[in-house]
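This report describes the aromatic pairs, the nonpolar cores and the main pocket of one protein model.

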Amino acid sequence: ADPQASTSGPTDAFTTPGMAKLGCSLIVPPGARFKLMTGRIDARTVVDKVFPNRTREIQYPGGTVWVLEQSEGAGLPHVHVLAGAVQVDNISARKLRLEFDGTGDAAKWPDGRAVLQCPSCAASLKPGSPGVMTLHLLLSEAHAPAQVAIAMRLQPRLWCLRCFEALWATGIDFLNDAPALPAFLDAEYGPPVPAIDRVHQLQG
């Protein structure tokens, strides 16, 4: 399906039935507002799927992160961990699709195309495009023998610069006036980090 085929608004083409049953959507609902918080990611070992049958382990120290939590709007509230400005190079696009292909779990998750789909306008970012990456907390029904459970996943998402800047300017409730976009979120401050590296820095 073409995520931009609809002319009536952003099309949620990749949300799975299990997610939809819980009200979990890949697209931020119209009129949604967010609050900015801080959170903690513990030190961890991340398994990097280099090729379909080959992996490697990467150690990350953890640290404090910024979190956007939807405070107004329809559906299950969106929660996004801010990762930073990225460059969607060809290697990153390929590896992200490979790692987040929606398989290998009792729950059915969106395939790798959802990684490159902006959560606001639903446009698909092309290789070579700058953007802002977040890790989106997804929930879905998971079917196991004789029971139905709820599964959770942190899914990388790439925001268009235009959409993220608009969210930062008008869609977030700050304690005071909105601060300037931090350097690590601004793709104009030096060369953006490859998207796949941002994922591995914050991956849960």
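In this predicted model, ring pairs join W66, W159, F164 and W168 into a cluster. Counting ring centres within 6.5 Å as a pair, the structure holds three aromatic pairs. One of them is formed by W159 and F164: the ring centres lie 5.8 Å apart and the planes meet at 85°, so this pair is edge-to-face, the class for angles over 60 degrees. Both W159 and F164 are buried.

W159 and F164 also appear in the largest nonpolar core, where they are among the residues with the most contacts inside it. That core has 27 residues, and F34, L68, L158, L167 and I172 are likewise among those with the most contacts. At least two core residues come from each of β5 (79–88), α2 (90–99), β6 (129–144), β7 (147–159) and α3 (161–170). A second, separate core of ten residues includes F14, M19, W109 and L138.

I172 illustrates the contacts of one core residue. Neighbours within four places in sequence aside, I172 touches R33, F34, K35, L36, L68 and L167.

The largest pocket has a volume of about 240 Å³. Of the residues that line this pocket, V28, P29, P30, G31 and S120 lie nearest its centre. Helix α3 supplies the largest share of the lining, four residues. The make-up of the lining is tabulated below.

| Lining of the largest pocket | Number of residues |
|---|---|
| Total lining | 15 residues |
| Nonpolar | eleven residues |
| Polar | four residues |
| Charged | no residues |

Notes. Residues numbered from 1 in each chain as written. Predicted model: local features only at pLDDT ≥ 70, side-chain atom pairs only at ≥ 80, totals over all residues. Heavy atoms only, no water. Phe/Tyr/Trp six-rings, centres within 6.5 Å; stacked < 30°, edge-to-face > 60°. Buried < 20%, exposed > 50% of the residue type's maximum accessible area, 1.4 Å probe, protein only. Core = buried A, V, L, I, M, F, W, Y, C linked by side-chain atoms within 4.5 Å. Contact = heavy atoms within 4.5 Å. 1 Å grid on protein atoms, 1.4 Å probe; cavity = no way out; pocket = protein on both sides within 12 Å on 5 of 7 lines; lining within 4 Å. Points joined across faces, edges and corners; volume = space filled by probe spheres on them. Nonpolar A, V, L, I, M, F, W, Y, C, P; charged D, E, K, R; others polar.
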